[in-house]
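Student: I would like to learn how to read strand pairing, burial and cavities in a model like this one. Could we begin with the pairing of strands?

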Amino acid sequence: MEQILSIVVRNQPGVLMRVAGMFSRRGFNIDSLAVGTTQNPEFSRMTVTMEADEPTIIQVTKQLAKLVEVERVKVLPPKSSATRSMILVKVKAGNKRPELLQLAEVFRAHAVDVTGESLIFVATGDEGKLRAFVDVMRPYGVTEMVQTGLVALERGDTSLAVEKSRFEWPPLDDDHAAI
């Protein structure tokens with residue numbers, strides 16, 4: 001069953017490698033990974049999706065919690081979480097440009113580049129919507145596409161925010177600030 005992990009980590013070099021390395025060493029496969037800073041620039045949030053049963057996901061969360069840079073880990077309930085991915089799709093336009101623009105509107109996709117003989121569309125949504133969008137565009141000639149990993153937040157008033165690290169860390173100066 002697909003599991004969504006929300007992981008708050010220190011925003012510093014090497015953290016992504018350490019987290020991904022933990023998955024790799026234990027033989028766990030990451031299906032999707034998205035990382036970005038949080039409202040507090042000291043921390044980043046990783047959203048990881050993986051296929052796992054309950055004992056496996058419990059083991060993964062315990063292993064992640066052992067990493068010093070990991071502040072919090074939570075398995076998000078899929079039914080009560082807001083989730084989105086983004087896709088960019090480049091399509092051959094030719095004389096079908098108006099038709100493609102109209103089709104994109106159905107999926108609330110937007111043209112972000114209209115040059116030469118191609119269009120680049122951006123669409124956001126769940127996997128099903130993005131897959132359907134690509135399926136509709138394929139007959140016109142998809143020349144390139146790229147998709148982000150899933151990002152997710154639990155619905156409601158609960159939050160995974162971290163104000164202060166559970167450890168003492170030396171302050172970062174501007175020349176060595178984490179990205």
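Tutor: Two strands are said to pair if DSSP finds at least two bridges between them, and the elements themselves are DSSP runs numbered from the N terminus, helices being H or I runs of at least four residues and strands E runs of at least two. This is a predicted model, in which local features need pLDDT of at least 70 and side-chain atom pairs count only at pLDDT 80 or more, while totals for chains, interfaces and linings use all residues. Residues are numbered from 1 along each chain as its sequence is written, and side-chain values use heavy atoms, with hydrogens and water left out.

Student: How many bridges join strand 6 to strand 7?

Tutor: Strand 6 (residues 110-115) runs antiparallel to strand 7 and is joined to it by 5 bridges, among them the one between Val114 and Leu119 of strand 7. The hairpin of these two strands has 2 residues between them, and Gly116 there takes a positive phi near 55°. Strand 7 also pairs in the antiparallel sense with strand 5 (residues 81-92), over 8 bridges, and here Lys90 has Ile120 of strand 7 as its bridge partner.

Student: Why is strand 7 described as largely enclosed by the rest of the structure?

Tutor: Buried means under 20% relative accessible area, exposed over 50% and partly exposed in between, with a 1.4 Å probe and protein chains only. Strand 7 (residues 118-125) is largely enclosed because 7 of its 8 residues are buried; for the chain, 39% of the 179 residues count as buried.

Student: Is Thr38, in the loop between strand 2 and strand 3, buried or exposed?

Tutor: Thr38, which sits in the loop between strand 2 (32-37) and strand 3 (43-51), counts as buried because its relative accessibility is 19%. A contact means heavy atoms within 4.5 Å, and, not counting residues up to four places away in sequence, Thr38 touches Phe43, Ser44 and Arg45.

Student: Which residues line the largest cavity?

Tutor: On a 1 Å grid over the protein atoms alone, a cavity is a set of points where a 1.4 Å probe fits but cannot get out, and lining residues have an atom within 4 Å of a point. A volume is the space filled by probe spheres set on the points, which are joined across faces, edges and corners. The largest cavity holds about 40 Å³ of space, and the residues that line it are Val8, Thr38, Gln39, Phe43, Arg45, Leu160, Ala161 and Val162.

Methods. On a 1 Å grid over the protein atoms alone, a cavity is a set of points where a 1.4 Å probe fits but cannot get out, and a pocket is an open set with protein on both sides within 12 Å along at least five of seven lines; lining residues have an atom within 4 Å of a point.
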